Amino acid sequence: KSTRPWWKDAVCYQIYPASFKDSNGDGLGDIPGIISKVDYLKDLGIDAIWVSPMFDSPQVDMGYDISNYEAVYPPYGTVKDMEDLIEACHSRGMKIILDLVINHTSDQHAWFKESRSSKDNPKRDWYIWKPPRYAPDGTRLPPTNWRSYFSGSTWEFDELTGEYYLHLFAKEQPDLNWENEETRKAIYNSAMRFWLDKGVDGFRVDTVNMYSKQLPLEDAPVSDSRFYEQPAWVNYANGPRMHEFLREMNKLVLDTYPHVTVMVGELPHTPDPKKVLDYLREGDKQLSMVFQFDIVDLGQGKQHKYHFEEWKLSELKNIVEKWQRFIEGGGGEGKRDGWTTVFCENHDQGRSISRYACDSPEHRVNSGKMLSLMLCALTGTLFVYQGQEIGMINVPKSWGIDSFKDIESVNFYWAMAKQSGNDQTELDYVMKSLQVLSRDNARIPMQWDETENAGFTEGGKPWMRVHDLYREINVKQQERDKSSLLGFWKRMIKLRKKFSEVFIHGEFEGFDMENEKTFAFGKKSVEDGGRKRAVVVCNFSGEEQEVELPGAGYEGVKFMVGSYEDAEEKERTLNGGSSRKRMLRPWEGRLYAVG
Ligand code: TEU
């Protein structure tokens, strides 16, 4: 047990600096604001924080466009503030990891400015430049037909030198050329060593599977005939040199910092467990763990993320089972060399209560508790996103596109407006999809209390609109109320840690997997041959549902915790307890210990 790395048992908390806490009244969150809330996080049971980009940036993509890795975005604070934050975490026994955004930089980064300046600049090859193609009629065309994440082409033409540069994301986010060794070394020094020397405990690695593209760069197959630009991730995700690059990063950088122990990679477009395992197999260390996308991709359109598609509970359950089982490994011979992350929110996703459960006034708290109960019982490293612990929900449906700020959401809306000739049906559909899936749902200010602007900022105008319901949903009110969602999360986190062999490291077994209303599963400890066991039952519907607790191997259940306050009483009044049937109320979850 003692040989286990700390991060497997850790509960991690993601902070989005712009929206967490403003300390100086300018309406934007900042690092001193984060420092002022470290005790709040400690009290919640958090072991490590992941801070989304706070580096210097023109903020075209909320700091995922970095213009200087070695400086802090001035409105957020200074490098000294970051040193203080690192110290604030460490002195409380907490770890801190930063975002490592190295697939691309900002177009305002000094490297790109040089690269762009002339074809023979020594840094020309640090980015991906290509000459135009020409159609038979002489029209200039980009080098490939790839579609960028933020709508339009992945290629931007630069008049100065008459060539295009590649950008998988915004045109202000040119892709670095990882094929160039000098570039890689510069990335390691500037983006990594600078912060590792200051004591950060690792990184969350942005788009970790896109550095190596399939060469030569070729057109993607046409799958959406309405557009010239095509989804092209087959051409640029999980490319041939990915593992080589990550091994090199470990050898040249991470291995030289014995204190650095965690690298959690963001791994889009990788549904195949074998491919995921290739990034984290023991003995071939590349990453500690990854954020696999199946769960957050639920409901996203196949062609366009923001073309919402209905999904079934059985799909969600299969996804959970797939990644729970992943722990058991593809390594064969009973080798448990996989590991997983447990999460369903981050800054790129709609809020979980709104997406996976029900955010109506009567169901929202119960929904949040049920999700908390489920997540805290799952094997892997748990990540909580700011505001999830108090049940922040998606932005109100009354907000129009003007209240949205995210480049991906806004660009998509206007691209579809243009493509459809402002067709109202199309635009209603896009708006409805944004209400469920837009990244902005996660980016509005954190709701601290019931004072103006939710206590996020004093005096200033918040950079982004505050949720209309902040008086009903906020930290302060939930701290006063033991039966609040915040109180429930604290309890669940404690329980998860106390029975870590079952919850954090246990084996998963799903029951009645075709049921579209309820989710029931068992967990058992591994190292002692499965002696410790637990059962979880959740009602994923707005109506009462009957569930049957599992029999064989799970006899003699004892109620442990329920998402409804009176669940314990209900359990007590069951006559004799011999029946395995239970009636669950809307969005109710219960957890039982076995034996
Ligand atoms: O996201 C990368 C990513 O792969 C996308 O799926 C992302 O979720 C986005 O919504 C595109 O649909 C990372 C960051 O998490 C995101 O905030 C950045 O915008 C992006 O990289 C570029 O750095």
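**Warm-up.** Which residue in E10 does Trp129 stand opposite?

*Solution.* Some ground rules: this is a predicted model, where local features need pLDDT of at least 70, side-chain atom pairs count only at pLDDT 80 or more, and totals for chains, interfaces and linings use all residues. Residues are numbered from 1 along each chain as its sequence is written. Helices (H or I, at least four residues) and strands (E, at least two) are DSSP runs, numbered from the N terminus. Now the answer: Trp129 faces Tyr165 in E10.

**Exercise 1.** Work out the strand order of the open sheet of 3 strands, and find its edges.

*Solution.*
- Start with pairing: two strands pair if DSSP finds at least two bridges between them.
- E6 and strand E10 (residues 163-166) meet that with 2 bridges, in the antiparallel sense.
- The full order reads E6-E10-E9, with antiparallel pairing.
- That leaves strand E6 (129-130) and strand E9 (155-158) as the edge strands, each pairing on one side only.

**Exercise 2.** Do the same for the open sheet of 8 strands, then look at how E1 joins E15.

*Solution.*
- The order is E13-E12-E11-E5-E2-E1-E15-E14, and the pairing is parallel.
- Strand E13 (289-292) and strand E14 (341-342) are the edges, pairing on one side only.
- Strand E1 (residues 11-15) runs parallel to strand E15 (residues 381-385), and 4 bridges join them.
- Within this pair, Cys12 sits opposite Phe383 in E15.

**Exercise 3.** Describe how H15 packs against H16.

*Solution.*
- Axes here are lines fitted to C-alpha atoms, for helices over the stretch in contact, and angles run from 0 to 180 degrees between N-to-C directions.
- The axes of helix H15 (residues 407-419) and helix H16 (residues 424-437) come within 9 Å and cross at roughly 165°.
- H15 and H16 are therefore roughly antiparallel to each other (angles under 35 degrees count as roughly parallel, over 145 as roughly antiparallel, 65 to 115 as roughly perpendicular and the rest as oblique).
- Who touches whom? Ser409, Phe412, Tyr413, Met416 and Ala417 of H15 make the contact with Glu426, Leu427, Val430 and Leu434 of H16 (C-beta atoms, placed from the backbone, within 7 Å).
- Sorted by class, the contact has 7 nonpolar, 1 polar and 1 charged residues (Ala, Val, Leu, Ile, Met, Phe, Trp, Tyr, Cys and Pro count as nonpolar, Asp, Glu, Lys and Arg as charged, and the others, Gly among them, as polar).

**Exercise 4.** Repeat that for H14 and H18.

*Solution.*
- Helix H14 (residues 364-376) and helix H18 (residues 485-498) have axes 10 Å apart, at an angle of about 10°.
- That angle makes H14 roughly parallel to H18.
- From H14 come Val365, Gly368, Lys369, Ser372, Leu373 and Cys376; they meet Leu485, Phe488, Trp489, Met492, Ile493, Leu495 and Arg496 in H18.
- The tally is 9 nonpolar, 2 polar and 2 charged residues.

**Exercise 5.** Pick out two backbone oddities.

*Solution.*
- Most residues other than glycine have a negative phi, and most peptide bonds are trans.
- Gln59 has a positive phi, near 65°, and lies in the loop between strand E3 (55-56) and strand E4 (68-72).
- Leu215 and Pro216 are joined by a cis peptide bond, with omega about -10°.
- Pro216 belongs to the loop between strand E11 (202-205) and helix H8 (233-236).

**Exercise 6.** Characterise the shell around the ligand.

*Solution.*
- Of the 14 residues around the ligand, Tyr64, Tyr149, Phe169, Pro268 and Asp348 come nearest (a residue is near a molecule or strand if its C-beta atom, placed from the backbone, lies within 6 Å of it).
- By class, the shell splits into 5 nonpolar, 2 polar and 7 charged.

Notes. Two residues are in contact if their C-beta atoms, placed from the backbone, lie within 7 Å.
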